[in-house]
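The following exercises are to be worked through with the sequence and the structure at hand. Each task is followed by a solution in steps.

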Amino acid sequence: MIQLTKPEELLLLAICNLKDEAYGVEILKFVSEKTGYEWSIGSIYVPLDKLAAKGLVEPYLGEATQKRGGKKKRYYKITKTGLDALLNSKKIHDDMWANIKNISI
Amino acid sequence: MKDKKSKNLIPRLPFLILQLFADQSYYLFASGDLEELYLDKKSHNSSLTAYLWLWKQILMSIPKFIQQSLSWGGMMLLNHMKIVFRNMYRHKIYSLINLTGLSIGMTCFILIMLFVNNEHSYDNFHKDADNIYRIAGKGSSGGSEYISTATPWVLAETLLEKYPEVESATRLWELGTLPFKHNGDMIDINKVFHGDQYVFEVFTFDMLHNNKPALVEPNTVVISEKTALLIFNDVNVVDKEIHTSDNTLKVVGVFKDLPSNSHFKCNIIISYATINAKSCGWMNLGHKTYVKLQNGVSEKDLNSTLDEIVQKYVYAGNKNLGVNDNYWMYFTQPLKDIHLNSNLAAEFEVNGNGAYVNTFMVVAFFILVIACINYINLSTAKSSLRSKEIGVKKVLGSNRKLLRNQFIFESIITCLISVLISQLLVNFLLPHFSMLMNRPLEINYFDNYFVIPIMIGFAILIGIISGLYPAFFLSNLNPVTILSGNQKIVLKKSLLRNLLVVLQFSISVFMFIGTIIVSQQLDYFQNKDLGFDKNNILIVNKTNLLNDQVEDFKNIVSTHSSIKSVSGSFQIPGGMLKSLGLLPDGAKDRITFAVLGCDKKFDKTYNIKVTAGRFFSEKFKSDESSLIINKTAQKLLGWEEPLNKKLSGIPIIGVIEDFNFSSLHKEVAPTILLTRSRNMMFTMQNHVSIKFEEGTETETIAFVKTTWDNLSNGVPFSYTFLDEYYNTQYSNEENISSVLNTFAILSVFIAALGLFGLTSFMLERKTKEIGIRKVMGASIQNIVFILSKDFLKLIIAANIIAWPIAFFFMNNWLSNFAYRIDVSFAVFFIAGINVFFFAFLIICVQSIKAGLKNPIKSLRYE
């Protein structure tokens, strides 16, 4: 089973959340808001590139807009493998949290 | 329209930077995203905030992009390696030529640099070597300069006692070879010194038993490991005794043999206390003084201290100094400079020559340049072979940057392999090279932590340098023109390539010429008529210790059948002469002459021609108060008839032909010969020269030794052969001649190798042309001529360039010698012809091979 790193996991979750709106700008906004600090464009695209290479996400092109100076948008869709990895990650997570109901030091 | 655009203006610079770092595959999208966000920000906040945000974004992303390209790069590395090896295998011949050329070039470079490194490393193993100086003296008396390492015994003591900036000062005096008792017999041990207790404070000797040896007491001695093993077969010999013929010495320490990069080597050091050195004053020279300064004391400080000392002690005691340009001074020589630059009288050993060492470095560099040029030329010439591959790659989507990197990578790999091969070669050749250069050279990979990284870095550097031009050239090839089969464009004459070939051959011709001239000059040194015969002469040293018995010694020796003539003299050819100022008849000022004290048989023993008057003779008692001058002296005096004229009241009874007493580096000095002088100051017979029959060395030595032993009262027998002694003056020239001989040939070989590769290519591309010409009726000769014409033009150009440059440099070098050959045109011609011929041979062979091909086959090739 493919192990995801934390940034990878967050990106995959973002993609799942954003559904049809999962492209660079929106992903960046989403994770920045959720994690509380601003992510850089590099820390979005580089891991996504790796994920794409491993087959966990599938990039597809969207239409060009005037707003982007005529450049197309690249959307990301999660694949089955990606979904499996994400769910596996969640399962491990839940298992580990299961017995720590009221955590305190 | 315009308004809308200006509202949405996006700064270009940040995006350019982004493009530099981000990967191709997503740059478009990432930049689009950034634009969107930027415009968004700009509309909600100020322009400035947005702009700053943009920069922040990009700068934050850069580390990630770098990280990405590194990890992708790592994965690609293996893939590239596979491709590189596959390519090399496909073009076996050319890869082989490249590897050979580069390996040989690197090997030469490494070998020479090992030598250069060794030369520069002399005496660096002493602790605080930068603070150690030798003190030498120079002065002028009677009009001639005297510069020597010999200093008075008291100098070191004075420095030590009275000047606190001197941390320590010591003296050394080489006795030479002494016999020591060993197993009931006497064996000769050379390099016996006198030293004082401070020797070990100034110098760093590796003592075997870690005791602080004293050398304070008389009759104590420290010996080297080698000596200990020789005499005792053991190294734990402290407190044991060794015996000279008249003395017993207690061993107080054993030291590890001095490494080879030391300007003096010694086997035994006897304490100064053993002899009565204290009685020697400031005028008695002969000891070598070394000082170690405190940290922070500069050489200048030491020099001013020495000036003080000279005034206080030397000038005070000698009324001659300070008048008439007579002076004396001490000066300092940094320890590490001695080997490279010091060539005073009475050096311990013949030192190296800094200028020559630099020449070696240039030679090493040249060879490397030639090898790199080969690689560049071959790679670019190969382009026709790789063109299809490149074309297809480009069509399939590879970009210039990628291709460029691939080619640079290829060249780095080639260089790394060459470095590996050159290591094998270096290790194989090192023993021979060491012998050639007369010193142990070795390469330790693990001693210094930086040896291996330097080799690898070296390979990478050469790889990048050699690979840059081919990489750019190849990656720029247009796939359309290549794949459409339009060979013509690719075939265009490359000016750069031709220039490089010319450069290669110019360097080779230059080195060839240099080699011939240096070796001619060396030959000249060794064979020129010196005005005396230096062969078959045995020199017995220290005959002054025989005192009155010297005449008996000479008489007995001359009775032996193998011996032709015997003579005693103050100095032997190759040594330095003292000088004396004399007042010629009718002149106002004194003239300085070199003085050689000798006996009446000197001319016979050395075969010196008398051109006027006669030599000293037994028959005339008055000869003892007369002198003989040489031709140079006569010219200087300007006397047509010098006989019976007087110099300072002493009559001239003869004139001899000039002879080169010192090496041919220097002019013959105006010299006078004396046979007697006050206090024997000039005429003490320090050496006896014995001319023997050809081939009778062994019996001559044996007989002379016996005679010596009978008369010498225990003083050890010490001898040399004059020709060997005289020739040591040329050892530096011999070194450079050997190096040039070997490496000039290698450089021509490497350049020729490159030419071989180039011609193969050219010919391959011209196959169709050759086929057509043959069909049209051209003969083999025609074809060979046409094909080789271009290359031969290049070689001729190389010669034209190299000749004047070589002439300039060699003339410059030769001007260092008083006696030198003339640079004859023939040399240039010979070098040029040789290189030309060699190149022509290669081109011919290739051309004939191409010319013999069946035109049908070549024309069918499409």
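**Exercise 1. A residue in a helix**

Which residues does Asn87(B) touch, not counting residues up to four places away in sequence?

*Solution.* The model is a predicted one.
Step 1. Locate the residue: Asn87(B) belongs to helix α4 of chain B, which covers residues 47-90.
Step 2. List the partners: with residues up to four places away left out, Asn87(B) touches Arg386(B), Glu389(B), Gln406(B) and Glu410(B).
Step 3. Examine the accessibility: Asn87(B) has a relative accessible area of 4%. The cut-off for a buried residue is under 20%, so Asn87(B) is classed as buried.

**Exercise 2. A residue in a strand**

State where Val221(B) lies, determine whether Val221(B) is buried or exposed, and list its contacts beyond four places in sequence.

*Solution.*
Step 1. Val221(B) is part of strand β5, residues 220-224 of chain B.
Step 2. The relative accessibility of Val221(B) is 0%, and therefore the residue counts as buried.
Step 3. Once neighbours within four places in sequence are set aside, the contacts of Val221(B) are Leu215(B), Ile242(B), Leu249(B), Lys250(B), Val251(B), Val252(B), Gly253(B), Ile268(B), Ile269(B) and Ile270(B).
Step 4. Take one of these partners, Val252(B). Val221(B) and Val252(B) are separated by 31 residues in sequence, while their C-alpha atoms are 5.9 Å apart in space.

**Exercise 3. Two cysteines**

Why do Cys372(B) and Cys415(B) not form a bond through their sulfur atoms?

*Solution.*
Step 1. For the sulfur of Cys372(B), the closest cysteine sulfur is that of Cys415(B), at 6.7 Å. Starting from Cys415(B), the closest cysteine sulfur is in turn that of Cys372(B).
Step 2. Compare with the cut-off: a disulfide requires sulfur atoms within 2.5 Å. The distance of 6.7 Å is too far for a bond.
Step 3. Extend the search to all chains: the count of disulfides is 0.
Step 4. Add the surroundings: Cys372(B) is buried at a relative accessible area of 12%, and Cys415(B) is buried at 0%.

**Exercise 4. Positive phi angles**

Describe the phi angle, place and accessibility of Lys19(A) and of Asp239(B).

*Solution.*
Step 1. Recall the general rule: most residues other than glycine have a negative phi.
Step 2. Lys19(A), which is not a glycine, has a positive phi near 50°. Its place is the loop between α1 (6-18) and α2 of chain A. With a relative accessible area of 63%, Lys19(A) is exposed.
Step 3. Asp239(B), likewise not a glycine, has a positive phi near 80°. Asp239(B) is found in the loop between α8 (225-232) and β6 (241-243) of chain B. Its relative accessible area is 54%, so Asp239(B) is exposed.

**Exercise 5. The layout of chain A**

How many helices and strands has chain A, and in what order do the elements run?

*Solution.*
Step 1. Chain A has 4 helices and 2 strands.
Step 2. Read from the N terminus, their order is α-α-α-β-β-α.
Step 3. Along the principal axes, the C-alpha atoms of chain A fill a box of roughly 55 × 30 × 20 Å.
Step 4. Of the 105 residues in chain A, 42% are buried.
Step 5. Consider contacts in chain A between residues at least 6 apart in sequence: 50% of them join residues at least 24 apart.

**Exercise 6. The interface of the two chains**

Describe the interface of chain A and chain B by its contacts, its buried area and its salt bridges.

*Solution.*
Step 1. In chain A, 24 residues are in contact with 24 residues of chain B.
Step 2. The two chains bury about 2,200 Å² between them, and 60% of this area is on carbon and sulfur atoms. Glu38(A), Ile41(A) and Lys71(A) supply 26% of the area that chain A buries against chain B, more than any other three residues.
Step 3. The interface holds 2 salt bridges. In one salt bridge, the side chains of Lys29(A) and Asp40(B) meet at 3.7 Å, N to O.
Step 4. The polar contacts between chain A and chain B comprise 10 residue pairs, with both residues at pLDDT 80 or more.
Step 5. On the side of chain A that touches chain B, the elements giving two or more residues are α2 (24-35), α3 (41-54) and β2 (72-78). The largest share, 8 residues, comes from α3(A).
Step 6. By type, the residues of this side of chain A are 9 nonpolar, 5 polar and 10 charged.

Definitions and conventions. Residues are numbered from 1 along each chain as its sequence is written. Chains are lettered from A and ligands numbered from 1 in the order in which they are written. This is a predicted model: local features need pLDDT of at least 70, side-chain atom pairs count only at pLDDT 80 or more; totals for chains, interfaces and linings use all residues. Side-chain values use heavy atoms; hydrogens and water are left out. Contact means heavy atoms within 4.5 Å. Buried area is the accessible area (1.4 Å probe) that two parts lose on being put together, summed over both. A salt bridge is a side-chain nitrogen of Lys or Arg within 4 Å of a carboxyl oxygen of Asp or Glu. A polar contact is a pair of N or O atoms within 3.5 Å; within protein, one must be able to donate a hydrogen and the other to accept it, and residues adjacent in sequence count only if both atoms are side-chain atoms. Ala, Val, Leu, Ile, Met, Phe, Trp, Tyr, Cys and Pro count as nonpolar, Asp, Glu, Lys and Arg as charged, and the others, Gly among them, as polar. Buried means under 20% relative accessible area, exposed over 50%, partly exposed in between (1.4 Å probe, protein chains only).
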